[in-house]
Amino acid sequence: MISFGIVGTGWRTEFFLRITQACPERFSVVGLVGRDHAKTETVARRFGVPAFSSIEDMVRQGKPLFVVSSVSWDANPDVITRLVALGMPVLSETPPATSIAEMDQLCQFVRDGAKIQVAEQYFLQPHHAARLAFIQSGKLGRVSQAQVSVAHGYHGVSLIRRMLGIGFENATIHANNYKSPIVKGPGRSGLPESEEIVESEQTIAHLDFGDRLGVFDFTGRQYFAQIRDPRVLVRGERGELANDSAVYLKDFVTPIRVNFTRHAAGLGGNLEGHYLKGIQAGEDWVYRNPFEPARLFDDEIAMADCLFRMAEHAQGGPDFYSLAEACQDRYLDIVIDQAAETGQRITTTTQSWALN
């Protein structure tokens, strides 16, 4: 049983609470703390978890293994600071901070021994985890290019770095912003009431790492849009992966083509229940759902994986997405914005968190 506390009562917090309800044999929320006490009580009652008036009370009485900081960008550094002062391992919402100066300050906590990881879930989502496993199998050979149109800012950057095998290497970045009309689609609250043409803002950036190229492409309306699909293209010396298929060379004259196939229970006449089993590439399993048969959608599966890996880290296990990685992805995100605003090519510099 993994017991954890949560600071925050927003939209993302409810993902953690739903995961706990779907996997009661694995996860337990010992308490919830929010800035608005009335809202905290309402959310706590709805999900059947204890509500506390302060972080200190939750830590003292609930005795969590770690605490999730699921608050706004501006509030997050202060919440992390308070939890570290209490000696608590922290799973921080993304990003951990907004500025380079704030990130430097937080990284000092890790240098001083604090356990801080960041809840970056995209590389753990089943389809991306399957793609990364295929890339790491070596079938594509040495990867030199990743084009990612999946997620905004630091999320998209994190996928590019992992697909390219990039750590803290510097890049020269060129970026542009574009605006175009689109029919308004659904949002967090559901479908719009009527047809409306709205403005879509798109950022395209090239991250040149010298021997490897990352192409970031995203419009904020992709997350809910019904007419803007995510796209991934990864190219290596022996093949390429495009969305849900790949081609690679068995030998220099024999190309092999495979499709990524999702296997789910509960479809057609299957009576096992409705959940993801895993993903195959050709005859090979490249992803197995570690939380079956819980009824979780892909993003919740990834966040449950964050919780599981954080529990291991809190008990002395390895990093899974360190504060340093999170700061690097946010830093590259900041530079992309600067390059798009100025129209200049900007070369990144090595930051303090890359030196540890």
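Buried means under 20% relative accessible area and exposed means over 50%, with partly exposed in between. By that yardstick Lys-139, at 25% relative accessibility, counts as partly exposed. Welcome to a quick tour of this predicted model, which holds 22 salt bridges, 10 aromatic pairs and zero disulfides.

**Salt bridges**

- Lys-139 forms a salt bridge with Asp-284, and their closest N and O atoms are 3.8 Å apart. This pair links distant parts of the chain, with Lys-139 in the loop between helix 6 and strand 7 (143-149) and Asp-284 in strand 16, 145 residues apart. Asp-284 also counts as partly exposed, at 35% relative accessibility.
- Asp-298 pairs with Arg-262 in another salt bridge, where the closest N and O atoms are 2.9 Å apart. Asp-298 lies in helix 8 and Arg-262 in strand 14 (residues 254-265), so this bridge ties together parts that are 36 residues apart in sequence. Asp-298 counts as buried at 17% relative accessibility, whereas Arg-262 is partly exposed with a relative accessible area of 45%.
- A salt bridge also joins Glu-272 to Lys-277, with 3.0 Å between the closest N and O atoms. Glu-272 is partly exposed at 42% relative accessibility, and Lys-277 is partly exposed at 26%.
- Arg-142, Glu-169, Asp-211 and Arg-212 belong to one network, joined by salt bridges that share partners.

**Aromatic rings and their neighbours**

- Among the 10 aromatic pairs is an edge-to-face one between Phe-15 and Phe-297, at 5.9 Å centre to centre and with 80 degrees between the planes. Phe-15 sits in helix 1 (residues 13-22) and Phe-297 in the loop between strand 16 (284-288) and helix 8 (298-314), so the two rings tie together parts that are 282 residues apart in sequence.
- Phe-15 counts as buried, at 5% relative accessibility, while Phe-297 is partly exposed with a relative accessible area of 41%.
- Trp-11 joins Phe-15 and Phe-297 in a cluster linked by ring pairs. You will find Trp-11 in the loop between strand 1 (2-7) and helix 1, partly exposed with a relative accessible area of 36%.
- Two arginines lie over faces of rings in this cluster: Arg-12 is 4.2 Å from the ring centre of Phe-15, and Arg-188 is 3.7 Å from the ring centre of Trp-11.
- Trp-11 has a further role to note here, as Trp-11, Tyr-223 and Phe-224 make a nonpolar surface patch of about 270 Å².

**Cysteines**

- A disulfide is a covalent bond between the sulfur atoms of two cysteines.
- The sulfur of Cys-107 has its closest cysteine sulfur in Cys-327, 3.7 Å away, and this is too far for a bond because a disulfide needs the sulfur atoms within 2.5 Å. Cys-107 counts as buried, at 3% relative accessibility.
- Cys-306 is in no disulfide either, with the nearest cysteine sulfur, that of Cys-23, 14 Å away. Cys-306 is buried, at a relative accessible area of 0%.

**Helix 6**

- Helix 6 (residues 126-136) is mostly covered, with eight of its 11 residues buried.
- The buried residues in helix 6 are Pro-126, His-128, Ala-129, Ala-130, Arg-131, Leu-132, Phe-134 and Ile-135.
- Gly-138 follows helix 6 and has a positive phi, near 90 degrees.

How values were computed. Residues numbered from 1 in each chain as written. Predicted model: local features only at pLDDT ≥ 70, side-chain atom pairs only at ≥ 80, totals over all residues. Heavy atoms only, no water. Phe/Tyr/Trp six-rings, centres within 6.5 Å; stacked < 30°, edge-to-face > 60°. Helix = DSSP H or I, 4+ residues; strand = E, 2+ residues; numbered from the N terminus. Buried < 20%, exposed > 50% of the residue type's maximum accessible area, 1.4 Å probe, protein only. Lys NZ or Arg CZ within 6 Å of the ring centre and 35° of its normal. Patch = residues over 30% accessible without salt bridge, like charges linked within 9 Å, V, L, I, M, F, W, Y side chains within 5 Å. Areas by Shrake-Rupley, 256 points an atom, 1.4 Å probe, with all protein chains shown as cover. Salt bridge = Lys/Arg side-chain N within 4 Å of Asp/Glu carboxyl O.
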